[in-house]
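Got the viewer open? Let's take a walk through this structure, one selection at a time.

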Amino acid sequence: MNRICLLSMVLLVGLWGLFPDATAGQNATAATSWFDTNRLNTFVLVIVLTGVILWFVAAASSGKTFFIRKIAGLETVEEAVGRATEMGKPILYVPGLNDMDDVQTIASMNLLGHLAKIIANYESTLYVPVRRSLVMSAARETVHQSYLSAGRPDAYQEDSIYYVSDEQFAYTASVDGIILREKPAACFYLGSFYAESLILAETGNSVGAMQIAGTAKPPQLPFFVAACDYTLLGEELFAASAYLSKEPRMLGSLKGQDVGKAVAIVFILIGCALKTLEAATGNEAVSRFSEYALWLFK
Amino acid sequence: MSDTLILWIDAALTLMILSFLYRDNAFYKFAEHLFVGVSAAYWMVVGFWDHLVPNLLGKLFPSLMSGVVPVANGQAAEWHYLIPAVFGLLLLTRLVDRWAWLSRWSLAFIVGGSAGFNLPRFLDSDFITQVQSTMVPLLVFDTGGALLVGASLSHLVLVAGVICGLVYFFFSLEHDGITGKVSRLGIYVLMVTFGAAFGYTVMARISLLIGRMDSLGNWLSSMGL
Amino acid sequence: MRFPEALKRLDRRIIFLLIAASVALPLVWKPQFDDHATPIVQAIYDRMESLPAGSRILLALDYGPSTAPELDPMAVALVRHGIRKGHRIALFTLWPDGLGQINKITDDTIRAEFPDKRYGADYVNLGYKAGGGGAINTMMVNLKTMIPADALGALLDSLPMMAETRSLSDFSVIVSLTAGDPGLKEWIQFAGDIGGIPVMGGGTAVVAPELYPYYPQQMVGIMGGLKGASEYESALMLGYPDTERLEMAATVRMGPQVVSHVVIVLLVILGNIGYLLERKKSIRR
Amino acid sequence: MRRNIPLIITFITGMVLILGYFVTRGPLHTLYESFSDYFAIITVFAFILGGGNLIKVHLRRIANRAKDWRYSMVTMVGFTVTLIVGMFKIGAPGGWGAAVVEPESWLQFIFDGIFTPLAATMFALLAFFVASASYRAFRARTKEATILLVAACIILLGRTPIGGWLTGWLPPELSFLDLPNLANWIMAWPNTAGQRAIMIGIALGVVATSLRIIFGIERNYLGRDE
């Protein structure tokens, strides 16, 4: 890893020399700095956040554990599986519409692994229709692993995880059909979704399934919240996945992002206090002070 | 003549897709598959003629292309455009299983490029400026110095909403005690936001249906109905 | 308790018919509603008004036919306003299917309503470019690297209104009508926030709420969906009474929009009454 | 080799574009400008790849007589005709030198007559599904869902002229409860607050993901090693 970075640096310097300085002539007289000083604050934040995030990722990779709060939706998973077993009905898992290059799909695979482990112990059937062939192979591998680690490799059915169609509405119509025919006791929609979210959630609702959803696509969240029993909102999807898988990359970045949020909250509070003081007193000194204090967010 | 023809094809295809509302059927499947084929080819053609020809081929082979892109006329070839040409062609190796691994090079350029573009811009526009726009006075006065209650309240809702929302998405602290209460408030603000998004999305879908109905209406009135 | 049972069993095709009727009938009987511009839309109108005549405006139609019913009326209203004010309009798109939309606007609005306006001097079609943010970024640094020629193949230097442009900063304002990614957000991130160029525009009602946090600091204003378009049309009719005789697509379509909104709200309420009655029954048991 | 070269390319591209953002001139700036131009060009090849994939998938379906293979023929015919008409500018009044989508050209005819109704109706279908879901699925199950539905109804009524009719009779001192005012207030303040919290969160997520990609920690996009 370090060798690759080093090699890249060398190549980068090489490229630097390769491309002639096209702007050198025009700007020679104008004594402008080569660094855009207006963006200094952004630069400082890039450095700080990069440091923090990479540090957390490295720490997580070297085995350090971090606290992550309980994610409320996760506790209902076991209940949903239990209910399905009791009723003798299957469980449906939809891993979203995007391919494996979407972080949401990767998070979804982690959650599927966790779910499969519970299902293996309960002996209920799991259906996973997918829209991309790559996702199918990833899902099969994940579920197989879970059944193995639960000590139930015999219960694993490869055919229940299958590719449907790349076309959005053809895929949706097919999943709709599965819900109507098989009447699953629980439906999980976790991953990246588009306009089909409400069609799936409505159909699941009409067969009385318990529904748990989660996506980081904000426009689809309202439909899931309104029609599902539980919804993981935005980043909760990643947090849930990191929480269960203890995957250092996800865990580390999650921690780094938390630091960023804390910085935002603190600065908003300070900024509002200073602005309020400024409005109430009209004092020049306050506004001059706040200019310095809030330089990072100018 | 061609306008009338368009009107009729338009109406036929619209009705074919709408027939899905009754149930999935052969007409719908026909229209859907036609759409997939036509749109993919359309994007390819437009991308080729509007971008590749003037921005790549015209710069690599100016004399050859001067018939189709007048811009290229009399220009010298810019050989450094071989770099994107090679990366672009490598992307197409994905179509041949044996050579597919080579497409990773171009994929690496696209993914690395998006990451490089996005990092400073999201930080600037969606983080720094957003935090800065939220730093507002919680007490708003008019020019005469009187407190404006409504405006102050609105500012309070904004600031509290952003902070509570951020606390809800904060994963390093357990949501109990004061954090729990704040994040609870955060979730209520998010629900209002989702409600607004919900209302807007409904509005959008209805508008699209109106547009379709309108063009069906044009077809009907063209028949004198 | 037969009422909630009947409510529960209602065939969805009846609801489909209901919604079709709530859109179709008002299209026939054409009810008229007065509208007025809210501040976030008025800001766009005011910006167009306050620019000196002859200002260069970049109008990016970043959408395809799938969302045209919402965004076409905005494009038409903006073009009508801009040309009346004497601005020079450059049409452009980051969506391949936006090219067809540009042709529609040029044909049906500019050429039909302003026959004396000349191509190249008063308006120009810059065509489509791929790459979204990447394309905007290159246009910021050097416009003619990205767009050496217009959509018809003519050199930009040969077009009077484009000859002097070097980068996006030579436009007085960027207006993007957006159906998603890439669109207004990219124009703000890659052009507005970096070059200090005013950015404004419109979005489908799906994307508009997400863009509100940019207002007013990073975005002059935004029209959200058909309602936003109708507000702009009403501002235009107020400022330019001669436009009242023209067909205002969004204003006409507000009729069916109103009726179907009421129907949907009633459906939500009715559905929840059924749900509450049922829940009460199961609790009583 | 198969793994490392892509990682080096990602690192260099990412770094040049990040550093170039802060630099106003010099070789790095030139590199930044060129990479930005190249990026746009390479993304066009993605459309071609999309077309290629489509041919591959549907030809295979036709060859194997897979389920619904006859519809794959429809896709192939639509694709081929549009491609030939567009690539060779058939039926374009201006000939080779004309704009690709010229008014009165065959490609514009395909756009107006086939592409437009199909794309527009696909999305218009959602209006029906949204109506049906409003009735059958959107329930005030929890306090959260109740808040969501109430806000949605205020927006739906307040953003059309009917809102003014319903509450226009309110006395001036209660005018803030007038539905249009309420809807505008919700959009301007609580909606902005919520969207902004989400936006800040997403921005940090993008920063973290971009860093993981550039430093080669995230490699999923490269697929598995064969």
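Before the first click, a word on what "domain" means here: the bounds come from an automatic or database domain assignment. Keep in mind, too, that this is a predicted model.

**Stop 1: two pieces of chain D**

Start by colouring chain D by domain. Select residues 1-87 for domain 1 and residues 92-136 for domain 2. If you place a marker at the centre of each, taken over C-alpha atoms, the two markers of chain D sit 23 Å apart.

Now look at where the two domains meet. Domain 1 of chain D brings four residues to the contact, and domain 2 of chain D brings four residues as well. Together they bury about 340 Å², with carbon and sulfur atoms giving 85% of that area. Which residues of domain 1 lose the most area to domain 2 of chain D? Select D:Thr82, D:Val85 and D:Gly86: together they account for 82% of what the domain 1 side buries.

By class, the domain 1 side of this contact has two nonpolar residues, two polar ones and no charged ones. Looking for salt bridges between these two domains of chain D turns up zero. The count of residue pairs in polar contact between them, with both at pLDDT 80 or more, is zero too.

**Stop 2: chain D against chain A**

Next, show chain A alongside chain D. Here 53 residues of chain D touch 60 residues of chain A. The area buried between these chains is about 5,200 Å², and 72% of it comes from carbon and sulfur atoms. Highlight D:Phe22, D:Arg25 and D:Leu204, which supply 14% of the area that chain D buries against chain A, more than any other three residues.

How many salt bridges are there between chain D and chain A? The count is one. To see a salt bridge here, zoom in on A:Glu202 and D:Arg136, whose closest N and O atoms are 2.9 Å apart. Nine residue pairs are in polar contact between chain D and chain A, counting pairs with both residues at pLDDT 80 or more.

Switch to a cartoon view and pick out the helices of chain D on this side. H1 (4-22), H2 (27-63), H4 (106-136), H5 (143-158) and H8 (190-214) each supply at least two residues to the side that touches chain A. That side of chain D is made up of 32 nonpolar, twelve polar and nine charged residues.

**Stop 3: chain D against chain B**

Hide chain A and bring in chain B. This contact takes 110 residues from chain D and 111 residues from chain B. About 10,900 Å² is buried between them, with carbon and sulfur atoms giving 81%.

There are three salt bridges between chain D and chain B. For one of them, select D:Glu144 and B:Arg184, where N and O lie 2.2 Å apart. Polar contacts between chain D and chain B come to 15 residue pairs, both residues being at pLDDT 80 or more.

Which elements of chain D give two or more residues to the side that touches chain B? Colour H1, H2, H3 (69-87), H4, H5, H7 (179-188) and H8 of chain D. Then single out H4 of chain D, which gives the largest share of that side, 23 residues. By class, the chain D side facing chain B has 74 nonpolar, 22 polar and 14 charged residues.

Note on methods:
Residues are numbered from 1 along each chain as its sequence is written. Chains are lettered from A and ligands numbered from 1 in the order in which they are written. This is a predicted model: local features need pLDDT of at least 70, side-chain atom pairs count only at pLDDT 80 or more; totals for chains, interfaces and linings use all residues. Side-chain values use heavy atoms; hydrogens and water are left out. Contact means heavy atoms within 4.5 Å. Buried area is the accessible area (1.4 Å probe) that two parts lose on being put together, summed over both. A salt bridge is a side-chain nitrogen of Lys or Arg within 4 Å of a carboxyl oxygen of Asp or Glu. A polar contact is a pair of N or O atoms within 3.5 Å; within protein, one must be able to donate a hydrogen and the other to accept it, and residues adjacent in sequence count only if both atoms are side-chain atoms. Helices (H or I, at least four residues) and strands (E, at least two) are DSSP runs, numbered from the N terminus. Ala, Val, Leu, Ile, Met, Phe, Trp, Tyr, Cys and Pro count as nonpolar, Asp, Glu, Lys and Arg as charged, and the others, Gly among them, as polar.
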